Amino acid sequence: MKKLKLILIFVTAFWAANYGFAQVGINTTNPLSMLDINGNMSVKVVNLTGSSSVTSITDGIYISINPQATDQEFQLPNPVTYPGRMYIIRNINNSNTAKLTTAAGLLFPKNSTTGSAQIYMYEGNLRTVTVFSDGSNWTYIN
């Protein structure tokens, strides 16, 4: 019985050492990263229309926001809850400004240590932004 336990422990340790940190490849037999995609990738697209109350951003990667009035609010989720999350957000309305806020933390422009509670998205000013959660705040680039 002791030999069987020892063999089982050895096999488990061998498997964990060889496969525990496995890399996955799609359309490649030699993945070079944790996930290696050799081909095109599509992401989930979500269209959100503004309303008189805050419109929450909870799903998708590419988000088209469409404010129906000036400064309608679209809110990112709490960055603490979703560390590493990324969204690409575009105001598709040519007339109305969208206000982008966060449920917690601040929004920091790239290369800055000064954050804000909201940013305004309109033609000529952050029409499209990409936001990343660092686990405490959101960083945005345009």
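**A six-stranded open sheet and three loop residues**

Let me begin with the sheet, which in this predicted model is open, has six strands in the order 3-5-7-11-12-9, and shows mixed pairing. Strand 3 and strand 9, the latter covering residues 107-109, stand at the edges with a single partner strand each, so one side of each is left without a neighbour in the sheet. On average, and with direction ignored, neighbouring strands of this sheet are turned by 30° against each other.

Staying at the edge formed by strand 9, we find that three bridges join strand 9 to strand 12, residues 138-141, and that these two strands run parallel. Within strand 12, Tyr140 is the residue that Pro109 stands opposite.

At the other edge, strand 3 spans residues 45-49, and the loop between strand 3 and strand 4 (55-56) holds Ser51. Ser51 is partly exposed, its relative accessible area being 34%, and its C-alpha lies 7.1 Å from that of Gln72, although the two residues are 21 apart in sequence.

I would like to finish with two backbone conformations. Asn27, in the loop between strand 1 (24-26) and strand 2 (35-37), has a phi near 65°, which is a positive value in a residue other than glycine. Leu126, in the loop between strand 10 (118-121) and strand 11 (128-133), is likewise not a glycine and has a positive phi of about 55°.

Are these residues buried or exposed? Asn27 counts as exposed, because its relative accessibility of 59% is over the 50% cut-off, whereas Leu126 is buried, because its relative accessible area of 13% falls under 20%.

Key. Residues are numbered from 1 along each chain as its sequence is written. This is a predicted model: local features need pLDDT of at least 70, side-chain atom pairs count only at pLDDT 80 or more; totals for chains, interfaces and linings use all residues. Side-chain values use heavy atoms; hydrogens and water are left out. Helices (H or I, at least four residues) and strands (E, at least two) are DSSP runs, numbered from the N terminus. Buried means under 20% relative accessible area, exposed over 50%, partly exposed in between (1.4 Å probe, protein chains only). Two strands pair if DSSP finds at least two bridges between them. Axes are lines fitted to C-alpha atoms, for helices over the stretch in contact, and angles run from 0 to 180 degrees between N-to-C directions.
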